[in-house]
Amino acid sequence: MDFTVKDVVCALEDFAPAELQQGYDNSGLTVGHYGNKVSKVLLCVDIDYDIMDEAEEIGADMIVSHHPLIFHPIKRLNGIGYIQRIVERAIKKGIALYACHTNLDAVNGGMSHRLAEKLGLTDTEVLEVFDGQEIKEKWELAGFGVTGNLAAPMEPAAFLAFLKERLSLEVIRHSRLCKPSVGRIALCTGAGASLAGKAVRAGADIYIASDFKYNDFIEADGRIIVADIGHFESEYCAIDLLYDIITKKIPTFAVRKSERSLNPVKYYI
């Protein structure tokens, strides 16, 4: 059976509707046509030269990423800058580019829920539920972040060690370990520092996200432990989530998880 770009997009947007993306975002099909035939899809966090090499080597004619390659408007296609060069290359090679970004973050069962599963959290709830009657009627419990409970409380340093091991982290930036134990967890994949106050009000002992600024660690102020695990590290689970979404809808379709989706941030340890 032949599949098209539209078939893959429908599978993704049945789960994570495009309407849930934030106004600043650029999720969706950025390169290619809905009617193009697709034989193989490559999944990644970001699209870069290595991902393009991998797609060409395995014969993928569509790349589905979490982060959009094109985030701001492109005014010229003159080969200046990696975004323009990748767009030109994708067009020449006939590779469609699709991003499932803040809609995948916001949907119930999306990114933060997947990370909570990896940590074994129970009794999960959405940290920041979207307002608006229309949204509530169409998409139950859409919003950002998750709260949940550990099976048993842990000493804070032990929990950080568990977190590092479970998510294969190289480093964790954290505030003062101000809690005697950690049992209730709040988390948000990606840049979630703005939700720290909601994590406090939700009664969390620790808040896990990324892209915290210096003052965010100070403003935790003994009320909560904040742990910055890194943007890429918090969202690497997107690859498995996207794989499950597509293969559940199209079980006979060739979907490959990238082996070259790597963190652009390097650590000298």
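**View 1. A nonpolar surface patch made by Val171, Val265, Tyr267 and Ile269**. In this predicted model, these four side chains together make a nonpolar patch of about 360 Å² on the surface. One of them, Val265, lies in the segment that comes after strand β13, which spans residues 254–257. Val265 counts as partly exposed because its relative accessibility is 44%, a value that falls between the 20% limit for buried residues and the 50% limit for exposed ones.

**View 2. Cysteines 10 and 100, neither of which is in a disulfide**. A disulfide is a covalent bond between the sulfur atoms of two cysteines. The count of disulfides in this model comes to zero, where a pair of cysteine sulfur atoms would have to lie within 2.5 Å to be counted. For cysteine 10, the nearest cysteine sulfur belongs to cysteine 100 and is 13 Å away, while for cysteine 100 the nearest is that of cysteine 44, at 12 Å. Cysteine 10 is partly exposed, with a relative accessibility of 36%, whereas cysteine 100 is buried, with a relative accessible area of 0%.

**View 3. The buried face of helix α7, residues 156–166**. The buried residues of this helix are Pro156, Phe159, Leu160, Phe162 and Leu163. Seen down the axis of α7, these buried residues fall within an arc of 160 degrees, and therefore they line one face of the helix. An α-helix has 3.6 residues a turn, so residues three or four places apart point the same way. The buried residues of α7 pack against five strands, namely β8 (143–154), β9 (173–174), β10 (182–191), β11 (206–210) and β12 (225–228).

Definitions and conventions:
Residues numbered from 1 in each chain as written. Predicted model: local features only at pLDDT ≥ 70, side-chain atom pairs only at ≥ 80, totals over all residues. Heavy atoms only, no water. Patch = residues over 30% accessible without salt bridge, like charges linked within 9 Å, V, L, I, M, F, W, Y side chains within 5 Å. Areas by Shrake-Rupley, 256 points an atom, 1.4 Å probe, with all protein chains shown as cover. Helix = DSSP H or I, 4+ residues; strand = E, 2+ residues; numbered from the N terminus. Buried < 20%, exposed > 50% of the residue type's maximum accessible area, 1.4 Å probe, protein only. Arc of directions from axis to C-beta. Contact = heavy atoms within 4.5 Å.
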